[in-house]
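Thanks for coming. I will take a few minutes to go through one part of a structure, strands first and then two loop residues.

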Amino acid sequence: VVLQWPVGGVRWRLNGLSRLQSLVDFVKEHCLDAVVKLAREKKSFWAKTVGEAIQRVGELTESNVYVGVGLSNKNYGPNRRCEAKEIAGIVGLWADIDIAGPPHKKANLPPDEASVGSLIEETGLKPTLLIHTGHGFHTWWLFKEPWIFESDEERTKAASLAQGWSDTLRIRARTHGWDIDATGELARVMR
């Protein structure tokens, strides 16, 4: 299984380090690969461990980093990413919430970090990871353990759950007059 690991931009902050450590342990135990897509090179970077992926991302100072939200059964090399039908599992649910201002063109985004915090709080579920991307947040609600799909039916259920979570957040945002990106697809890659 290949883990497309969630890492953020220049500024990022982790909450729930015990959950993160348990995922790192899971990755090590199962010899998973990690992939991070580098925007400047337009190439995928694959690593054997989460630590290796984090180290590589830490070395990047001038590149945008894109990360996939799903797990994959294999390394697809530097020029291809995993399609939804090939996703082998997920580690939780996610959101990409932009904040109004440059470089975003949408005028109806949450105006500031406090507004994003309030929107997240309205879900009633505290995120496990909150990653500041420089112009917004990647928010992760990690499962107790990764959900590895045993069938296409399970993948379909996961896709429905992820889309439903994304739709729920978007509907909540609309009650404030804001728009947030739809990010519920299993093959989603976030920057």
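Before the hairpin, a term: a strand here is a DSSP run of E with at least two residues, numbered from the N terminus, and two strands pair if DSSP finds at least two bridges between them. Please keep in mind that this is a predicted model.

Start with the hairpin of β7 and β8, where 3 residues sit between the strands. One residue to look at there is G134, whose phi is positive, near 105°. Strand β7 covers residues 129–132 and is joined to β8 by 4 bridges, with the two running antiparallel. Within this pair, I131 faces H138 in β8.

Strand β8, residues 136–148, also pairs with β6, residues 87–98. That pairing is antiparallel too, over 9 bridges. Here A95 is the residue opposite T139 in β8.

Now the loops. A100 lies in the loop between β6 and α3, the latter being 113–122. Is A100 buried or exposed? Neither: A100 counts as partly exposed because its relative accessibility is 32%, and that class lies between the 20% and 50% cut-offs. P111 is 11 residues from A100 in sequence, yet their C-alpha atoms are 5.0 Å apart. Setting aside residues up to four places away in sequence, A100 touches L109, P110 and P111.

The other loop residue is T123, between α3 and β7. With a relative accessible area of 18%, T123 is buried, since buried means under 20%. A polar atom of the T123 side chain lies 3.1 Å from the backbone nitrogen of L125. Beyond its neighbours within four places in sequence, T123 contacts W165, L169 and R172.

Methods. Residues numbered from 1 in each chain as written. Predicted model: local features only at pLDDT ≥ 70, side-chain atom pairs only at ≥ 80, totals over all residues. Heavy atoms only, no water. Buried < 20%, exposed > 50% of the residue type's maximum accessible area, 1.4 Å probe, protein only. Contact = heavy atoms within 4.5 Å. Polar contact = N/O pair within 3.5 Å; in protein donor to acceptor, adjacent residues only side chain to side chain.
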